[in-house]
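Reader: I have a structure on screen and want to learn how to read it. Can you take me through it feature by feature?

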Amino acid sequence: VQLQASGGGLVQAGGSLRLSCAASGSTVSVNAAGWYRQAPGKQRGLVAVISLGGSTTYVDSVKGRFTISRDNAKNMVYLQMNSLKPEDTAVYYCNAWAVSGAGAPNMNYWGKGTQVTVSS
């Protein structure tokens, strides 16, 4: 299973970006998924997670500004980021628990990061 994140970029404070994460593989089934971020000099931390059924959890700093969603038919996970702040600047990583096919174990996967830079 490969996860491909996209949608990062440079935006001014107050702006918006939408990150997308695509899980490749015709027999892949994504279970829980989430977005993490890592700012320079800091540890990677959770931003938001979404269960297979659509239940969501957010870190306090993004509540009310970010929305995680998914399209199970397309094996896609999204992160809509509004009212962006300079402190949101980080590399954002997609993470997912997924099975690669029938009978395969549920395993954890990381995508390559996508840079989000918010200028003041």
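Author: Keep in mind that this is a predicted model. Start with one pair of residues: Arg70 stands opposite Val77 in strand E8.

Reader: In which sense do E7 and E8 pair, and over how many bridges?

Author: The general idea comes first. Strands of a sheet pair through backbone hydrogen bonds, either parallel or antiparallel. Here E7 (residues 66–71) and E8 (residues 76–81) pair in the antiparallel sense, over six bridges. The two strands form a hairpin with four residues between them.

Reader: Which strands make up the open sheet, and in what order?

Author: The sheet has four strands in the order E1-E3-E8-E7, with antiparallel pairing. E1 (2–6) and E7 stand at the edges with a single partner strand each, so one side of each has no neighbour in the sheet. From one strand to the next, the twist averages 15°.

Reader: How many bridges join E1 and E3?

Author: Five bridges join E1 to E3 (residues 17–24), again in the antiparallel sense. To find the register, locate Gln2, which stands opposite Ser24 in E3.

Reader: Where do the side chains of E7 point?

Author: They alternate along the strand. Phe66, Ile68 and Arg70 point to one face and are buried. Thr67, Ser69 and Asp71 point to the other face and are not buried.

Reader: Now the core. Which residues touch the most other members of the largest nonpolar core?

Author: Again, the general idea first. In soluble globular proteins, nonpolar side chains tend to be buried together. In this model the largest nonpolar core has 31 residues, and Trp35, Val47, Phe66, Ile68, Leu79, Met81 and Tyr92 touch the most other members. Elements giving two or more residues to this core include E1, E3, E5, E7 and E8. E9 gives the most, with five residues.

Reader: What is Val47 in contact with?

Author: Val47 is found in strand E5 (residues 45–50). It has a relative accessible area of 0%, so Val47 is buried. Leaving aside neighbours within four places in sequence, its contacts include Trp35, Phe66, Leu79 and Tyr92. Phe66 has its own list under that rule, with Val47, Leu79, Met81 and Tyr92 among them.

Reader: How many disulfides are there, and which residues does a disulfide join?

Author: The count comes to one disulfide. It joins Cys21 to Cys94, with S to S at 1.9 Å. The torsion about the S-S bond is about -85°, so the disulfide is left-handed. Cys21 lies in E3 and Cys94 in E9, so the pair ties together parts 73 residues apart in sequence.

Reader: Is each cysteine of the pair buried or exposed?

Author: Cys21 is buried, with a relative accessible area of 2%. Cys94 is buried too, with 1%. Not counting residues up to four places away in sequence, Cys21 touches Leu3, Trp35, Met76 and Val77, among others.

Reader: How do I read the phi of Asn75?

Author: Start from the usual case. Most residues other than glycine have a negative phi, and most peptide bonds are trans. Asn75 has a positive phi of about 55°, although it is not a glycine. Its place is in the loop between E7 and E8. At 13% relative accessibility, under the 20% cut-off, Asn75 counts as buried.

Reader: What is the phi of Ser83, and where is its place?

Author: Ser83 is not a glycine either, and its phi is positive, about 50°. Ser83 sits in the loop between E8 and E9. At 40% relative accessibility, Ser83 counts as partly exposed.

Reader: One polar side chain to finish. Which backbone atom does the side chain of Thr114 reach?

Author: The side chain of Thr114 reaches the backbone nitrogen of Gly8, at 3.1 Å. Thr114 is found in strand E11 (residues 114–119). With 10% relative accessibility, Thr114 counts as buried. Leaving aside neighbours within four places in sequence, Thr114 is in contact with residues including Ala5, Ser6, Leu19, Ala90 and Tyr92.

Note on methods. Residues are numbered from 1 along each chain as its sequence is written. This is a predicted model: local features need pLDDT of at least 70, side-chain atom pairs count only at pLDDT 80 or more; totals for chains, interfaces and linings use all residues. Side-chain values use heavy atoms; hydrogens and water are left out. Buried means under 20% relative accessible area, exposed over 50%, partly exposed in between (1.4 Å probe, protein chains only). Two strands pair if DSSP finds at least two bridges between them. A polar contact is a pair of N or O atoms within 3.5 Å; within protein, one must be able to donate a hydrogen and the other to accept it, and residues adjacent in sequence count only if both atoms are side-chain atoms. Contact means heavy atoms within 4.5 Å. Axes are lines fitted to C-alpha atoms, for helices over the stretch in contact, and angles run from 0 to 180 degrees between N-to-C directions. A nonpolar core is a set of buried Ala, Val, Leu, Ile, Met, Phe, Trp, Tyr and Cys residues joined through side-chain atoms within 4.5 Å. A disulfide is a pair of cysteine sulfur atoms within 2.5 Å.
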